[in-house]
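Visitor: Could you walk me through a structure? I'd like to ask things as they come up.
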Number of protein chains: 2
Amino acid sequence: MSPTEKTRPTGHDRLRGSVLAGDLSFLLARANALTLAAANAALAEHGLKARSYSVLALAADDVRPTQRELAEFLRLDPSQVVALIDGLERRQLVERRTDPADRRANVLVATDVGRALFIRAQESARAVELGLLATVPPEDHERLAHLLRTAAGLSRPLP
Amino acid sequence: MSPTEKTRPTGHDRLRGSVLAGDLSFLLARANALTLAAANAALAEHGLKARSYSVLALAADDVRPTQRELAEFLRLDPSQVVALIDGLERRQLVERRTDPADRRANVLVATDVGRALFIRAQESARAVELGLLATVPPEDHERLAHLLRTAAGLSRPLP
DNA sequence: CACGATCCATTGAAGAAGTCAATTATTGAC
DNA sequence: GTCAATAATTGACTTCTTCAATGGATCGTG
């Protein structure tokens with residue numbers, strides 16, 4: 001006689017069946033929360049967080065972004081970018097160079113030290129990415145990337 | 001004579017080609033930032049945000065979550081759940097009921113007013129979801145949902 | 001049944017992150 | 001040259017996050 005098995009499935013299982021679990025915005029938020037936590041933990045050994053890693057990545061990429069461009073791309077307030085760069089510049093990972101084409105603007109470039117740190121941090125970031133992809137069948141990897149890129153408003157508008 | 005077309009492609013275009021734009025964690029963060037902003041804007045007319053909407057959704061779903069379960073599911077600190085519920089309870093949208101099975105725990109249930117508001121708010125949330133899906137080909141919708149569900153750690157462990 | 005360990009909800013404090021208006025320097029349009 | 005618009009910065013303010021401590025309830029073990 002199975003004893004009425006109320007099961008009490010750890011709550012989590014119960015909530016997993018709720019309508020909210022079908023809400024894409026929620027799923028996105030939760031996936032992001034998990035990934036962000038993993039990324040911050042992995043980057044901590046380099047004295048970075050996801051945010052500062054992103055800034056360093058763009059600086060090391062020789063794309064020479066202005067602070068305004070950084071703010072827009074990272075979806076931050078310009079004043080937050082100031083603080084973020086201050087932190088990296090204090091560690092000599094990055095330099096502000098006034099844009100010769102527009103002396104109001106600063107362009108961000110990585111120092112050699114910054115580039116070296118970025119290479120190392122990238123490995124940690126890659127590990128997180130692999131962890132994220134581990135649950136997804138390999139043949140879906142490119143598709144996931146593409147879907148996220150469009151959801152992030154960054155897919156190519158077909159040139 | 002096309003004048004050397006330095007193009008200066010709005011910066012955004014330039015950054016879009018950076019290595020960071022290929023980083024899944026970053027894409028997830030950016031997609032979430034955009035979606036969250038849209039959701040908060042859409043829910044504002046109901047006096048809700050994404051967070052409070054999520055709590056209300058679970059309450060209205062008769063899944064009777066405890067506060068601890070809410071915290072775990074929404075990836076929040078238990079103390080944040082307290083504040084969130086306080087706000088909803090003040091507006092008489094939800095009620096705390098002590099769990100008869102464990103008098104330490106509160107179980108969250110929606111009032112009739114709360115259910116009615118949720119129905120309305122759900123429409124707004126749905127509009128955001130449609131906006132998110134608009135850029136994705138319809139045949140990929142279910143796949144996107146599935147991918148996000150697994151990235152969010154909520155995919156069924158195959159029963 | 002009593003004891004101690006554990007768990008739930010709550011509070012409060014400290015710090016990080018986000019929002020916003022005001023300021024300075026520079027640019028571009030006219 | 002003047003004037004509106006823009007880039008970066010600062011400061012004030014709010015919200016979010018994180019953490020430790022507390023009181024009440026439960027559970028396991030003896």
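Guide: What follows is a short talk about where the protein and the DNA strands meet, and please keep in mind that this is a predicted model.

Visitor: OK, let's start with strand D. How many residues surround DNA strand D, and which are the closest?
Guide: There are 18 residues around DNA strand D, and the closest of them are A:Q67, A:R68 and A:R96 from chain A, together with B:R51 and B:Q80 from chain B.

Visitor: And what kinds of residues are they, by class?
Guide: The surface near DNA strand D is made up of nine charged residues, six polar ones and three nonpolar ones.

Visitor: Which helices do they sit on?
Guide: At least two residues each are supplied by α4 (67-74) and α5 (78-90) of chain A, and by α5 (78-90) of chain B. Of the contributors, α5(A) gives the most, with three residues.

Visitor: What part of strand D faces the protein, then, sugar and phosphate or bases?
Guide: If you take the atoms of DNA strand D that lie within 4 Å of the protein, 73% belong to sugar or phosphate, while the rest belong to bases.

Visitor: Which atoms of A:R68 lie by a phosphate oxygen there?
Guide: For A:R68 it is a backbone N or O atom, which lies 2.5 Å from a phosphate oxygen of DNA strand D.

Visitor: And what about the bases, which side chains reach those?
Guide: Two examples may help here: a polar side-chain atom of A:R104 lies 2.7 Å from a base oxygen of DNA strand D, and an N or O atom in the side chain of B:S79 is 3.0 Å from a base nitrogen of that strand.

Visitor: Switching over to strand C now. Which residues come nearest to DNA strand C?
Guide: Among the 18 residues around DNA strand C, the nearest are A:R51 and A:Q80 from chain A, and B:Q67, B:R68 and B:R96 from chain B.

Visitor: Where does the largest share of that surface come from?
Guide: The largest share of the surface near DNA strand C comes from α5(B), with three residues. By class, that surface has nine charged, six polar and three nonpolar residues.

Visitor: How much of the strand C contact is sugar or phosphate?
Guide: Of the atoms of DNA strand C within 4 Å of the protein, 74% are sugar or phosphate atoms, and the rest belong to bases.

Visitor: Which side chains lie 2.5 Å from a phosphate oxygen of DNA strand C?
Guide: One is A:Q80, through an N or O atom of its side chain, and another is B:Q67, through a polar side-chain atom. There is also A:R103, where a polar backbone atom is 3.1 Å from a phosphate oxygen of DNA strand C.

Notes:
Residues are numbered from 1 along each chain as its sequence is written. Chains are lettered from A and ligands numbered from 1 in the order in which they are written. This is a predicted model: local features need pLDDT of at least 70, side-chain atom pairs count only at pLDDT 80 or more; totals for chains, interfaces and linings use all residues. Side-chain values use heavy atoms; hydrogens and water are left out. A residue is near a molecule or strand if one of its heavy atoms lies within 4 Å of it. A polar contact is a pair of N or O atoms within 3.5 Å; within protein, one must be able to donate a hydrogen and the other to accept it, and residues adjacent in sequence count only if both atoms are side-chain atoms. Helices (H or I, at least four residues) and strands (E, at least two) are DSSP runs, numbered from the N terminus. Ala, Val, Leu, Ile, Met, Phe, Trp, Tyr, Cys and Pro count as nonpolar, Asp, Glu, Lys and Arg as charged, and the others, Gly among them, as polar.
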